[in-house]
Amino acid sequence: DNEINGLTMAGVGSGTVVENVQAHFIADDGFEWFGGTVNAKFLVSSGNDDDNLDCDFGWVGTVQFFVVVQDRNLANRGVECDNDGDGSTNAPITSPNIWNVTFVGAGVERANTEVNDGVYIRRRAAGIWRNLIVANYGNAGLVIDGTASQDNLTGGTLTIDNVLFFNIQCIQVATCSSAGDAI
C-alpha cells in the first residue's frame, strides 16, 4: 500500500547485522519484517504513527534489547505479528524470538483513531516472547487473536513468559469482558 516504515526488512537473511537503530516519528511502523531470518538488537522505536514492531510472511529472526515509547496522539500497537493476511499455513510460519523488550504505550484507549494494544499476535503467528515489560496501554496489554494463534499458544509453538504488565486494561485471548479484567 503506502507504508513509510522506519526500517523495512523484506526477506533479509541472518548474515545482515541490524544493531543500534532508532526509528523516530515515522509515518507508519518503526520496524517491519516481511519474512526472512535477520536478527536485530539495541533498537528504539519512538513516536511512530502505527506499530513499533510489525512482522509477517514467515519472519523467523530474533529481536533483543528493544525499547518502545509511543506518542499519545500517533500510536497504534506496540507489536502486530501475523503469519500472513489470511492466517494461512504457508511456511515458514512467522515465529520470531522477541526477548528483553520494554513497551511503553500511549496510555489512551485509542491513539491515532486505532486501539492502543501492547502485543497483538494473530493470523497463525507463533514465536517465543520472553522478558517483556508492557506498560501504559489504554486497551489490551496482550491479545492472542483468532483460533490459529490461540492453538499455537496451547500447542507450544507460541510461548509467552516472564512478562510484567503495568497500567493496562486487560489481557485478551479472545475478548476483554469488562473493566473487571483490568490489571
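Start at Phe42: with 40% relative accessibility, this residue counts as partly exposed. Before going further, note that the model is predicted. The mean pLDDT of the chain is 91, and 94% of the residues score at least 70.

**Stop 1: the ring beside Phe42**

Keep Phe42 selected and add Phe65. The two residues form a stacked aromatic pair, with 5.3 Å from centre to centre and 10° between the planes. Phe42 belongs to strand β4 and Phe65 to strand β6, so the pair ties together parts that are 23 residues apart in sequence. Phe65 is partly exposed as well, at a relative accessible area of 36%.

**Stop 2: the strands around β4**

Now show residues 39–46 as a cartoon; this is strand β4. Add residues 17–24, which make up strand β2. β2 and β4 pair in the parallel sense, over 7 bridges. To see one position in this pairing, select Gln22, which stands opposite Val44 in β4.

Next add residues 62–69, strand β6. β4 and β6 run parallel and are joined by 6 bridges. Here, select Leu43, which has Phe66 of β6 opposite.

A salt bridge can be found on the β2 side. Select Lys41 and Glu19: their closest N and O atoms are 4.0 Å apart. Lys41 lies in strand β4 and Glu19 in strand β2, so the link spans distant parts of the chain, 22 residues apart. Lys41 counts as partly exposed, at 29% relative accessibility. Glu19 is partly exposed too, with a relative accessible area of 36%.

**Stop 3: the aromatic cluster**

The structure holds 5 aromatic pairs. Select Phe31 and Phe66 for another of them. Their ring centres are 5.7 Å apart and their planes stand at 85°, so this pair is edge-to-face. Phe31 sits in strand β3 (residues 31–34) and Phe66 in strand β6, so the pair ties together parts that are 35 residues apart in sequence.

Are these two rings buried or exposed? Phe31 is buried, with a relative accessible area of 0%. Phe66 is buried with a value of 1%. Add Trp33 and Trp59 to the selection: Phe31, Trp33, Trp59 and Phe66 form one aromatic cluster.

**Stop 4: Arg77 and its partners**

Move to Arg77, in the loop between β6 and β7 (79–81). What does the charged end of Arg77 sit over? The ring of Tyr120 is there, and the charged end is 3.6 Å from the ring centre.

Add Asp117, whose side chain meets that of Arg77 in a salt bridge (3.2 Å, N to O). Asp117 is in the loop between β10 (114–115) and β11 (119–122), and the pair links distant parts of the chain, 40 residues apart. Both Asp117 and Arg77 are buried.

Then widen the selection to include Glu80, Asp82, Arg122 and Arg123. Salt bridges that share partners join these residues with Arg77 and Asp117 into one network. The count for the structure comes to 7 salt bridges.

**Stop 5: a salt bridge between β14 and β12**

Select Asp161 and Arg130. They form a salt bridge, and the closest N and O atoms are 2.8 Å apart. Asp161 is in strand β14 (residues 158–166) and Arg130 in strand β12 (residues 127–135); the link joins distant parts of the chain, 31 residues apart. Asp161 is partly exposed, with a relative accessible area of 26%. Arg130 is partly exposed at 27%.

**Stop 6: helix α1**

Show residues 147–155, which form helix α1. Which residues to pick out here? Ala148, Ser149, Gln150 and Asn152 are buried. Against what do the buried residues of α1 pack? They pack against β11, β13 (140–145) and β14. Step on to Gly156, just after α1, where phi is positive, at about 95°.

**Last stop: residues 175–183**

Finish by selecting residues 175–183, where pLDDT stays under 50. For this stretch the model has 12 contacts beyond four places in sequence. Where pLDDT is low, the predicted coordinates should not be read in detail.

Definitions and conventions. Residues numbered from 1 in each chain as written. Predicted model: local features only at pLDDT ≥ 70, side-chain atom pairs only at ≥ 80, totals over all residues. Heavy atoms only, no water. Pairing = 2+ DSSP bridges. Helix = DSSP H or I, 4+ residues; strand = E, 2+ residues; numbered from the N terminus. pLDDT = per-residue confidence, 0-100. Contact = heavy atoms within 4.5 Å. Phe/Tyr/Trp six-rings, centres within 6.5 Å; stacked < 30°, edge-to-face > 60°. Buried < 20%, exposed > 50% of the residue type's maximum accessible area, 1.4 Å probe, protein only. Lys NZ or Arg CZ within 6 Å of the ring centre and 35° of its normal.
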